[in-house]
Amino acid sequence: MELLGCVGAFIILLFYFIHLWKGNRNTPIPNWPIIGMLVGVLRNLSNIHDYVTTVLKHHGGTLKFKGPWLTNMDFIITSDPMNVHHITSKNFGNYGKGSEFHEIFEVLGDGIFNSDFQKWKFHREILHSLFKRNNFESFVQQIIQKKLETCLLPCLGDASEERTQVDLQDIFQRFTFDNICTIVLGFDPNCLPNKLTELSEVAYEKAFNKLEDAILYRHILPRYIWKLQKWFEIGREKEFNESQRIVDQFLHECISSRREEQGKCNSNQVDKSNFDLLKVLEEEKGKEQIDDKFMRDTAFNLLAAGRDTISAGFCWFLWLVSTHPIVEAKILEEIRETYVTKGESWFASGVEELGKLVYLHGAICEALRLFPPVPFEHKCAINSDILPSGEHIKPNTKVLYSLYAMGRMEETWGKDCLEFKPERWISDNGSNIRIPSYKFIAFNAGPRSCLGKNISFIQMKMVAIALLWNFKMQVVEGHHVSPSVSIILHMKHGLKVNVTKRCI
């Protein structure tokens, strides 16, 4: 009888696993006993963003992800614009960052990206007052213009003359890091020299990349695993700790230097045109003492946003334009009609002139739609809720929305959603079409939408004009371009190009 019972139990288990196997054959993300859906993610980690897009399309735009038992890795992931609208706007108060987000992104400290509720409002009010100052945009434009004229254009000119291959991703990261450090800290670290032969590795600039890579793995690995790695300082957590120490030392030195500099100047000596972070914070908070941690956290958040998202956007835009000659020709024609035929220099023109470049604006939006610099966002529900798609949300449930997948959904963008078509952003009367932010999600949506959106467009347009008008860039033959496995959508192998001076 015992033998028959064992045989019966074995047969039942066998049929059960056969049933699971048959069911899992028809889904791109199988759900197995004990291990859940994690195996599918790990097997497709090298192309995680496209894999998530495929999974979400298969599941109608929203999936309840099941992690391994006892790991608290269950969450909901969506690409449904109405769900995103609900989370970011309609029921904004119910979705914060959550304690797990704070742990994973501990390097952000108490800055704006890691804050909720009153602390977040405080940070946003300060930054909003900075970005809305009358001459702030022109100040930013001057910094970018100077770096373009003195470093970026000469550096690429060297590459053209020497016929040397360059990695534009590395060049852009250096360029944007110098710019954002100047804007935030009043200090130019000169990571990008004016000669290609003088390029050298800058430890604190490269440390940002290592931090980003480690943070993504914290989303994928069970919490207790990366916590153990951090405790013993092994694997990616060792790199994380080392990189954070490098960045913190850099910020501490910059902040201390600015305090000393301002301490030596009286109010009449301070340059009123300088909008660096320390000065603005002191003006906003009055005589109240600003501690170094507050300065460090605020500075780190702004440096991360101003360096990585802009440089990633540059790379994908230029790659797309360089591989679509018709689009490139239309952009050049628009630049010619806007500036050259009028005898104007785009360097001397104001921000308003940049707004006339309708096709260029559409091309940048299209690049950001297909390759959003931040490929996913992470939220946590405070109370129970029901998403527009019907999923029930329990308190403390993690909710992710894939910005990368959202730009590739036929329901939102049509059957040609994978094509690079700047024309989709231009109306019949020749003006740019406004698409709701919960559909075009590159700058987030709702109350937490990006404060630096206008500044980002200014910088990207200025660089696009300067580079496309002066140079032709061709991707090196055989160079493979694909998204990296990171929280920022960099290119996995960089962007290797041959640069030649353009004859127009």
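The following exercises, each with a worked solution, concern a predicted model.

**Exercise 1. The faces of helix 14**

Determine which residues of helix 14 are buried, and where they lie around the helix.

Solution.
Step 1. Helix 14 covers residues 325-338, which makes 14 residues. From first C-alpha to last it reaches 20 Å, close to the 20 Å expected at 1.5 Å a residue.
Step 2. The buried residues of helix 14 are Val327, Glu328, Ile331, Leu332, Glu334, Ile335 and Thr338.
Step 3. Viewed down the axis of helix 14, these buried residues fall within an arc of 160 degrees, so they line one face of the helix.
Step 4. A general rule is helpful here: an α-helix has 3.6 residues a turn, so residues three or four places apart point the same way.
Step 5. Pro325 and Ile326, on the other side of helix 14, are exposed.

**Exercise 2. Cysteines and disulfides**

State how many disulfides the model contains, and examine the surroundings of Cys151.

Solution.
Step 1. A disulfide is a covalent bond between the sulfur atoms of two cysteines. The test applied here requires the two sulfur atoms to be within 2.5 Å.
Step 2. By this rule the count is 0 disulfides.
Step 3. For Cys151, the nearest cysteine sulfur belongs to Cys155 and is 8.2 Å away, and Cys151 is in no disulfide.
Step 4. Cys151 counts as buried, because its relative accessibility is 8% and the limit for buried is under 20%. Cys380, at 13% relative accessibility, also counts as buried.

**Exercise 3. Two aromatic pairs**

Classify the ring pairs Phe136 with Phe139 and Phe187 with Phe250, and say where their members lie.

Solution.
Step 1. The search of the whole structure yields 22 aromatic pairs.
Step 2. In one of them, the ring centres of Phe136 and Phe139 are 6.3 Å apart and the planes stand at 40 degrees, so this pair is tilted.
Step 3. Phe136 and Phe139 belong to helix 7 (residues 136-162); being 3 residues apart, they are separated by about one helical turn. Phe136 is buried at a relative accessible area of 1%, and Phe139 is buried at 12% relative accessibility.
Step 4. The pair of Phe187 and Phe250 is tilted as well, with 6.3 Å from centre to centre and 50 degrees between the planes.
Step 5. Phe187 is in the loop between helix 8 (168-185) and helix 9 (203-220), while Phe250 is in helix 11 (residues 235-264), so the pair ties together parts that are 63 residues apart in sequence.
Step 6. Phe187 is partly exposed, with a relative accessible area of 35%, whereas Phe250 is buried at 4% relative accessibility.
Step 7. Phe187 and Phe250 also belong to a cluster linked by ring pairs, together with Phe177, Tyr204, Phe208 and Phe300.

**Exercise 4. Charges over rings**

Identify the rings over which Arg218 and Arg369 lie.

Solution.
Step 1. Arg218 lies over the face of Phe240, at 4.0 Å from the ring centre.
Step 2. The charged end of Arg369 sits over the ring of Trp413, 5.2 Å from its centre.

**Exercise 5. Strand 2 and its partners**

Describe the side chains of strand 2 and the strands with which it pairs.

Solution.
Step 1. In strand 2 (residues 75-78), Phe75 and Ile77 point one way, Ile76 and Thr78 the other way, and all are buried.
Step 2. Strand 1 (residues 62-65) runs antiparallel to strand 2 and is joined to it by 4 bridges. Thr62 stands opposite Thr78 of strand 2.
Step 3. Strand 8 (residues 398-402) pairs with strand 2 in the parallel sense, over 4 bridges. Within strand 8, Val399 is the bridge partner of Ile76.

Methods: Residues are numbered from 1 along each chain as its sequence is written. This is a predicted model: local features need pLDDT of at least 70, side-chain atom pairs count only at pLDDT 80 or more; totals for chains, interfaces and linings use all residues. Side-chain values use heavy atoms; hydrogens and water are left out. The expected span of a helix is 1.5 Å times one less than its number of residues. Buried means under 20% relative accessible area, exposed over 50%, partly exposed in between (1.4 Å probe, protein chains only). The arc is that of the directions from the helix axis to the C-beta atoms. Rings of Phe, Tyr and Trp (its six-membered ring) pair if their centres lie within 6.5 Å; planes under 30 degrees apart count as stacked, over 60 as edge-to-face and the rest as tilted. A charge sits over a ring if NZ of Lys or CZ of Arg is within 6 Å of the ring centre and within 35 degrees of the ring normal. Two strands pair if DSSP finds at least two bridges between them.
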